[in-house]
Amino acid sequence: MIDWNKIDTVLLDMDGTLLDLNFDNHFWKEFVPLNYARKKGLTPAQAKEELIPLFKSMEGRLEWYCLDYWSQALELDIVGLKAEIAGLISVLPHVVEFLEAVKRTPRKVLLVTNAHPDSLGLKMEKTCLHPFFDEIISSHASGKPKEHAEFWHWLHRRQPFDKSRTLLIDDSLAVLNSAKAFGIENLLSVSRPDSAQPKKVILAYRAIEDFRELMAGL
C-alpha cells in the first residue's frame, strides 16, 4: 500500500488513528451530557438536545478541541471529567507494533493532533506512546486546527518536510482535504477509528482498518 522507499516523514493523528475514538465519542456524547444534566437539573435527553447543536456549531474550529473553552461554556471541569474515565483510553490494534517498526528506521515521526494539551498529556500518560515520536505537536500551539491551511504552513516552518515524501494518516476527511490542498502527496484515512462502531466506507482516500496493512516494507 505504501512504498516506504519514498517516505521520509510520517505525520500521525492521535484520536481515531492511533487511539480508539470510542473514548472521545463516549465522553462527549454520553458522559458530558450526563454531568451537564446533573448540574442543570435536566434529563440526559434534554441535555443532549441542548448540547448537540452547540457542539455542531464549533466543528472545524479550534474551540471544538479546547478543553478550556468547554469548561467555561458548560461550567464543568472537563479536564477532571476526562480523568475520571481515563481508564477507557486505549490504543487501536497493532499501533504499537507499527510504531516500533517505523521507529527503527531513519524516518522522522511526528504526532500531529488537534487535541488540547491537557487531553494530550493525559492520553500520553495513559498510553506511554510518547517515546515513539520525534516531536508531539498540538495544533493549539499554532492557533489554528488541522482543518485550516494556516496550520500546515506553520507546521512546515516548525518541522520542514518534503511534501512529496511525507505520509499523513488521519481519520478526519476534513483534515486530509486540508493537507492535500497544502500539497502533502501521501494521504491515508482510517476506516475504523472507533472500535465500537462498524467499519466506514471511505471513497475519497485510501484507507486502512488497522496498521498491519502498512507493515510490509518497513
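Colleague: What makes β2 and β3 a pair in this predicted model?

Modeller: Strand β2 and strand β3 (residues 135-138) run parallel and are joined by 4 bridges; since pairing asks for at least two bridges between two strands, the two therefore count as a pair. One of the partnerships is that of V112, whose bridge partner in β3 is I137.

Colleague: How do you know that β1 pairs with β2?

Modeller: The reasoning rests on the bridges again: strand β1 (residues 9-12) and β2 are linked in the parallel sense over 4 bridges, and the requirement is at least two, so the pairing holds. Here T9 has K108 of β2 as its bridge partner.

Colleague: Why is β2 called mostly covered?

Modeller: A residue is buried when its relative accessible area is under 20%, and in β2 (residues 108-113) 5 of the 6 residues are buried, so the strand is described as mostly covered.

Colleague: What makes α1 and α3 neighbours in contact, and which residues make the contact?

Modeller: Contact requires heavy atoms within 4.5 Å, and the residues that make the contact are W28, V32, Y36 and K39 of α1 together with L67, W70 and L74 of α3. The axes of α1 and helix α3 (residues 67-74) come within 12 Å and cross at roughly 30 degrees.

Colleague: How many residues of each class does that contact hold?

Modeller: The contact of α1 with α3 has 6 nonpolar residues, no polar ones and 1 charged residue; Lys belongs to the charged class, so K39 of α1 is the charged member of the contact.

Colleague: Why is one space called a cavity and another a pocket?

Modeller: In a cavity the 1.4 Å probe fits but cannot get out, whereas a pocket is an open set of points, so the two words mark enclosed and open space. The search of the whole structure finds 1 cavity of 30 Å³ or more, and the largest cavity has a volume of about 50 Å³. Its lining consists of T17, L92, P93, V190, R192, I208, E209, D210 and F211, which divide into 5 nonpolar, 1 polar and 3 charged residues.

Colleague: What is the volume of the largest pocket, and which residues are closest to its centre?

Modeller: The volume of the largest pocket is about 1,100 Å³, and of the 39 residues that line it, L21, N25, E59, W64 and Y65 are the closest to its centre. The elements giving two or more residues to this lining are α1 (22-40), α2 (44-57), α6 (117-127) and α8 (173-182), with α1 giving the most, 6 residues. By class, the lining has 15 nonpolar, 8 polar and 16 charged residues.

Methods:
Residues are numbered from 1 along each chain as its sequence is written. This is a predicted model: local features need pLDDT of at least 70, side-chain atom pairs count only at pLDDT 80 or more; totals for chains, interfaces and linings use all residues. Side-chain values use heavy atoms; hydrogens and water are left out. On a 1 Å grid over the protein atoms alone, a cavity is a set of points where a 1.4 Å probe fits but cannot get out, and a pocket is an open set with protein on both sides within 12 Å along at least five of seven lines; lining residues have an atom within 4 Å of a point. Grid points are joined across faces, edges and corners, and a volume is the space filled by probe spheres set on the points. Axes are lines fitted to C-alpha atoms, for helices over the stretch in contact, and angles run from 0 to 180 degrees between N-to-C directions. Buried means under 20% relative accessible area, exposed over 50%, partly exposed in between (1.4 Å probe, protein chains only).
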